[in-house]
Amino acid sequence: MTKAAPVYELAQVNIARLKSPLDSPQLKDFVDNLDPVNADAEAADGFVWRLQSEEGNATDVAVFGDAWLILNMTVWRDINTLTAYMYQGRHREMLARRREFFERVQEAMTTLWWVPKGHRPTVAEAEARLLHLRAHGPTPYAFTLRTSFPQQGADPVPGEVPDGLGCSV
């Protein structure tokens with residue numbers, strides 16, 4: 001009898017350093033669009049799960065012990081469904097405006113990794129994956145859309161990311 005290969009889903013985390021407090025006029029458009037963008041994600045093909053607190057988003061979830069960092073963590077069926085969501089509609093519009101809301105940083109702020117189907121990653125897991133990416137570059141353990149790995153983590157697979165919208169790693 002042959003065992004079936006494990007089924008995986010794609011976890012992603014992205015963090016950002018706020019330019020101003022969330023309740024400031026500078027971040028009003030960002031905050032006003034959180035619920036609609038999250039609703040779009042939840043309705044998107046391939047969406048599985050997103051981290052949220054009692055407020056319905058994750059802006060108050062601590063990451064790296066830094067109050068100026070916010071995070072978004074989701075799980076998707078695969079890279080194609082995540083990418084399809086990211087680069088269209090309201091999310092693309094907000095992504096294009098990210099420099100209005102967030103500081104420009106040099107280190108990687110987004111990472112992807114495969115998780116067993118049904119697993120829901122923790123913030124600590126996301127922090128470890130992101131630190132690994134920063135230290136080692138893309139690997140099967142933590143990778144980017146530009147350099148992704150198949151579920152079994154063999155050879156890198158180059159990805160298509162529109163200019164100016166992806167991380168630089």
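1. A residue is called buried when its relative accessible area is under 20%, exposed when that area is over 50%, and partly exposed in between. In this predicted model, Glu9 has a relative accessible area of 8%, so Glu9 counts as buried.

2. Glu9 belongs to strand S1, and its salt-bridge partner is Arg120, with the closest N and O atoms 3.4 Å apart. Because Arg120 sits in the loop between S4 and helix H5 (123–136) while Glu9 sits in strand S1, the pair ties together parts that are 111 residues apart in sequence. In contrast to the buried Glu9, Arg120 has a relative accessibility of 32% and therefore counts as partly exposed.

3. Strand S1, which spans residues 8–17, is mostly covered, with 8 of its 10 residues buried. Strand S4 is likewise mostly covered, 5 of its 7 residues being buried.

4. Strand S1 pairs with two strands that deserve a look in the model. With strand S4 (residues 110–116) S1 runs antiparallel, joined by 7 bridges, and with strand S3 (residues 69–76) the pairing is also antiparallel, over 8 bridges. Ala11 shows both contacts from a single position, since this residue stands opposite Val75 in S3 and has Trp113 as its bridge partner in S4. Tyr8, for its part, stands opposite Pro116 in S4.

5. Arg17, also in strand S1, forms a salt bridge with Asp66 through their side chains, at 2.8 Å from N to O. This pair links distant parts of the chain, given that Asp66 lies in the loop between strand S2 (47–50) and S3, 49 residues from Arg17. The relative accessibility of Arg17 is 28%, so this residue counts as partly exposed.

6. A salt bridge within one helix is found between Lys28 and Asp32, both of which lie in helix H1 (residues 28–43), and the closest N and O atoms of the pair are 2.6 Å apart. The two residues are 4 residues apart in sequence, about one turn of the helix. Lys28, at 47% relative accessibility, counts as partly exposed, and Asp32, at 43%, does as well. A further group consists of Asp29, Arg97 and Glu100, which are joined into one network by salt bridges that share partners.

7. How many salt bridges does a search of the whole structure find? The search finds 10, among them the pairs Arg120 with Glu9, Arg17 with Asp66 and Lys28 with Asp32.

Methods:
Residues numbered from 1 in each chain as written. Predicted model: local features only at pLDDT ≥ 70, side-chain atom pairs only at ≥ 80, totals over all residues. Heavy atoms only, no water. Buried < 20%, exposed > 50% of the residue type's maximum accessible area, 1.4 Å probe, protein only. Pairing = 2+ DSSP bridges. Salt bridge = Lys/Arg side-chain N within 4 Å of Asp/Glu carboxyl O.
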